[in-house]
Amino acid sequence: MNDQAAALRKRVAAVKHGSNQRTEAKTLAVISGKGGVGKSNFSLNFSLSLQEKGYRVLLFDMDIGMGNIDVLMGIASTYTIVDMLENKWPIQRVIKQGPKGLSYIAGGSGITSLFEWKQNDLHYLIDQFNSVSQDYDYLIFDMGAGMTEGVIAFLKAMDDMVLITTPEPTSITDCYAALKFLHLYGVNASFKMVVNKSLSIKEGVNTYERFNQAAKQFLKCSIELLGTIAEDRCVSHSVNSQVPFILQYPKGSASQGIKNIVNQYATSSSTRNHSVGFVAKLKKLFLER
């Protein structure tokens with residue numbers, strides 16, 4: 001209840017300050033170096049936990065062709081973000097409601113990337129982002145595999161990026177390769193890490209510390225530890241039953257990890273001021289080049 005009251009006070013304050021207060025949603029992209037680390041499951045349960053706290057969240061499934069956010073919720077989505085683009089529909093037509101009133105847009109198939117389209121199509125996409133950018137507190141993008149030029153430009157517009165890894169050496173190596181690639185191409189978002197499927201908090205923290213040490217030594221950048229999520233059988237049970245684990249097993253260890261991460265993220269993101277908004281960055285990156 002206190003969290004919901006805090007979210008409400010934040011919105012009321014934004015209205016009182018008018019144009020002096022940035023009311024555009026904060027943006028966060030969730031990425032991983034390889035599949036199978038729980039990226040989409042994290043994106044969904046993280047979004048639901050924020051929603052439960054009283055924040056307005058719009059979750060985008062950006063894994064075009066391989067999207068499964070709706071599957072994890074047991075929902076058959078009629079329309080996707082691909083339908084919006086191909087038919088030039090308003091974005092509101094493809095926004096659906098999930099559990100707890102979570103707004104989401106399903107992924108689709110038929111195109112390899114949203115960001116390799118012609119200029120007028122990109123202009124339309126950015127206009128649609130603009131039409132909802134002040135209706136939500138957070139826009140969360142569950143990104144797919146592949147780093148095209150357009151995807152990199154899109155990620156440059158993010159406020160935050162969450163790297164998902166597990167303690168497995170192959171997962172850590174692939175996650176580092178993704179970070180290195182983004183760093184070399186000038187993605188300067190605030191990078192954060194979640195260590196998923198940890199056997200203990202100590203294992204998760206040690207995984208992060210080794211990763212961050214390598215990032216500081218070789219890339220001259222530092223990664224914030226957002227938190228760890230325990231290996232939990234409840235997660236696989238929830239996937240099989242197509243119910244988000246934070247709803248089906250709210251007292252499970254994985255759910256507790258998500259809640260701790262959301263508490264830390266909501267607190268830190270509310271204290272940071274973003275001088276340039278998401279839509280303005282997209283226009284500069286895609287329309288002014």
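Buried, for this talk, means under 20% relative accessible area. Keep that cut-off in mind for N41. Its relative accessible area is 12%, so N41 counts as buried. One caution before going further: this is a predicted model.

Confidence, then. The chain averages a pLDDT of 88. Of the residues, 88% score at least 70. The weak spot is helix α1, residues 2-17, where confidence is lowest, at a mean of 50. Helix α10, residues 245-248, sits at the other end, with the highest confidence, at 98. Look also at residues 12-20. There pLDDT stays under 50. The model has two contacts beyond four places in sequence for that stretch.

Back to N41. It lies in helix α2. What does N41 contact, leaving aside its neighbours within four places in sequence? The list is L72, V235, V239 and F245.

Now the helix itself. α2 covers residues 39-52. Does the geometry hold up? At 1.5 Å a residue, its 14 residues should span 20 Å, and the end C-alpha atoms are 20 Å apart, so the two agree. Is α2 enclosed or open? 13 of its 14 residues are buried, so the rest of the structure largely encloses this helix. After α2 comes G54, with a positive phi near 100 degrees.

Next, strand β5, residues 138-143, and in it I140. I140 has a relative accessible area of 0%, so this residue is buried too. In sequence, I140 and S47 are 93 residues apart. In space, their C-alpha atoms are 7.5 Å apart. S47 is also among the residues that I140 touches, not counting those up to four places away in sequence. The others are L28, V30, F46, L50, V57, L58, L59 and F60.

Last topic: the largest pocket. Its volume is about 700 Å³. Which residues come closest to its centre? G35, G36, V37, G38 and K39, out of 34 that line the pocket. Several elements give two or more residues to the lining: β1 (26-32), α2, β7 (190-198), β8 (224-230), α9 (233-241) and α11 (253-270). Which of them gives the largest share? That is α2 again, with four residues. By type, the lining divides into 16 nonpolar, twelve polar and six charged residues.

To recap on α2: this helix is largely enclosed, with 13 of 14 residues buried, and it supplies the largest share of the lining of the largest pocket.

Technical notes
Residues numbered from 1 in each chain as written. Predicted model: local features only at pLDDT ≥ 70, side-chain atom pairs only at ≥ 80, totals over all residues. Heavy atoms only, no water. Expected span 1.5 Å × (residues − 1). Buried < 20%, exposed > 50% of the residue type's maximum accessible area, 1.4 Å probe, protein only. pLDDT = per-residue confidence, 0-100. Contact = heavy atoms within 4.5 Å. 1 Å grid on protein atoms, 1.4 Å probe; cavity = no way out; pocket = protein on both sides within 12 Å on 5 of 7 lines; lining within 4 Å. Points joined across faces, edges and corners; volume = space filled by probe spheres on them. Nonpolar A, V, L, I, M, F, W, Y, C, P; charged D, E, K, R; others polar.
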